[in-house]
Amino acid sequence: MYEIIAFYLFSFLTIGMFCIVVFSKNALYSMTALAGGMIFISGFFFLLGADFLGVVQIIVYSGAVMAVYAFGMIFIDSAKDVKEKIKGKRMIYSFSVAIAILLVVIVSSPIISSGIVANSPMIDGVGNSKMVGYILFTKYLVPFELTAVMLLVAMVAGIVLVSKKMDISLSLKDEYEAQDEFEKGVAK
Amino acid sequence: MITITHYLVLSSILFTIGLVGIIRRKNLLMLFFSTEIILNAVNIGFAAISKYYHDMTGQMFAFFIIAVAASEVAVGLGLLVLWYKRKSTIDLDSLQSMRG
C-alpha cells in the first residue's frame, strides 16, 4: 500500500519537476527544478531496494553535478534570454509524439521473461551495499578502474578548458598574434 | 501492486520529456539539463529491472552511467564556458559557423 502511494507521489513530483526544467524560460529555475527532480529520483531507488544507488544519486547528482552547473553559470550570463525561434514546429512536435508513443508501446509490451537469466544474482540476507561492493570489485573491476581514469581525464579537461588563455583561438591565428592579444587583454 | 511495467512506463515518460527538451530548446545549457534527465530516466529503468529479476547487473550499469554523466558535465560545461568566452552567446544556432 505504502509502495503504491510512494510510487505515484514520487512519479508525479518527478514528472512535474522535469517538465519545469524543460519548459521554463529561466535557466536558474530549471537548474533548481533539476536538482529537486534528482532527489525525487533517488526516492525511486530506495523504493527499488537499491539503497547504495540512491545515496550515490543524492551525493553525485544533487551534490556534485548541480554544484558544477551552478559554478558554470557564474561564467555565463544566464539572465540573457536566448531567442528560441524554431522552424518547422509542427514536424518537431509530431516527431516527439510519435517517439513517445513508440517508446510506451515498446516498453509496456510483455517482456519475454523466460529467456532472461540473472547474470549476477542477488543473495538473500546480504545487504545491498555489500553486494554492490562484492560485484564491483570482482566482476566489474576493470571497468571500475577505467571509470576512475575517465574521471581523471574529465577533471583535467575541465580545468584546462576553463583556464585563462583558452578564450583566444590559437589555431585560427598566428601564435605570436594571439600572444600579443592575450597580453593586451591582461594589461587591460 | 507496482509491477515492472509501471517503472518502465515512468522511465519512458521521463526519457520522452528529456527528448522533447533536446528537440525544442535552443539554449545550450538546457541541452545539458535534458541530457541529465535522459540519463536519469535510463537509470530508473535499470534499477527496476535489477529488482524484478534479482540481478545486480542493472545497478552496476546505473553506477557506470552516473560516472559517465559526471565526466560529461565536467567536459561539456568546460566547452560551454569556452564557447561563451569566444562568442558571448549560448544559442545553439551560433554553432553553425561552417554553413556557407
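**Note on a predicted two-chain helical model**

1. Among the elements of chain A, confidence is lowest in helix α7 (residues 175–187), with a mean pLDDT of 68, and highest in helix α1 (residues 2–23), with a mean of 92; pLDDT is the predictor's confidence in each residue, from 0 to 100. Helices here are DSSP runs of H or I with at least four residues, strands are runs of E with at least two, and both are numbered from the N terminus. This is a predicted model, in which local features need pLDDT of at least 70 and side-chain atom pairs count only at pLDDT 80 or more, while totals for chains, interfaces and linings use all residues. Residues are numbered from 1 along each chain as its sequence is written, and chains are lettered from A and ligands numbered from 1 in the order in which they are written.

2. On confidence as a whole, the model scores ipTM 0.89 and pTM 0.83. Chain A averages a pLDDT of 81, with 79% of its residues scoring at least 70, whereas chain B averages 86, with 98% of its residues scoring at least 70. Within chain B, the mean is lowest in α1(B), at 86, and highest in α2(B), at 90. Where pLDDT is low, the predicted coordinates should not be read in detail.

3. Chain A holds seven helices and zero strands, and read along the sequence it follows the pattern α-α-α-α-α-α-α. Of its 188 residues, 18% count as buried, a residue being buried if 20 or more other C-beta atoms lie within 10 Å of its own, exposed if 12 or fewer, and partly exposed in between, with C-beta atoms placed from the backbone. Among contacts in chain A between residues at least 6 apart in sequence, 42% join residues at least 24 apart; two residues are in contact if their C-beta atoms, placed from the backbone, lie within 7 Å.

4. The contact between the chains takes 68 residues from chain A and 61 residues from chain B. On the side of chain B that touches chain A, α1 (4–24), α2 and α3 (57–87) of chain B each supply at least two residues, and the largest share, 23 residues, comes from α3(B). By class, that side of chain B divides into 38 nonpolar, 14 polar and nine charged residues, where Ala, Val, Leu, Ile, Met, Phe, Trp, Tyr, Cys and Pro count as nonpolar, Asp, Glu, Lys and Arg as charged, and the others, Gly among them, as polar.

5. One helix pair across the interface is α1(A) with α1(B), which pack at an angle of about 10° with their axes 9 Å apart; axes are lines fitted to C-alpha atoms, for helices over the stretch in contact, and angles run from 0 to 180 degrees between N-to-C directions. That angle makes α1(A) roughly parallel to α1(B), given that angles under 35 degrees count as roughly parallel, over 145 as roughly antiparallel, 65 to 115 as roughly perpendicular and the rest as oblique. Residues of α1(A) including Phe7(A), Ile15(A) and Phe18(A) meet residues of α1(B) including Leu10(B), Ile13(B) and Val20(B), and the contact has ten nonpolar, four polar and no charged residues.

6. The axes of helix α2 (residues 27–47) of chain A and helix α2 (residues 28–52) of chain B come within 11 Å and cross at roughly 5°, and α2(A) and α2(B) are therefore roughly parallel to each other. In this pair, residues of α2(A) including Leu34(A), Met38(A) and Phe45(A) meet residues of α2(B) including Phe33(B), Glu36(B) and Ile44(B). The residues of this contact divide into eleven nonpolar, two polar and one charged.

7. Inside chain B, the axes of α1(B) and α2(B) come within 8 Å and cross at roughly 170°, so these two helices are roughly antiparallel to each other. The residues of their contact divide into 20 nonpolar, six polar and no charged.

8. Some single residues may also be checked. His54(B) lies in the loop between α2 and α3 of chain B and has a positive phi of about 50° although it is not a glycine; His54(B) is exposed, with 12 other C-beta atoms within 10 Å. Gly63(A) lies in helix α3 (residues 51–75) of chain A and is partly exposed, with 13 other C-beta atoms within 10 Å.
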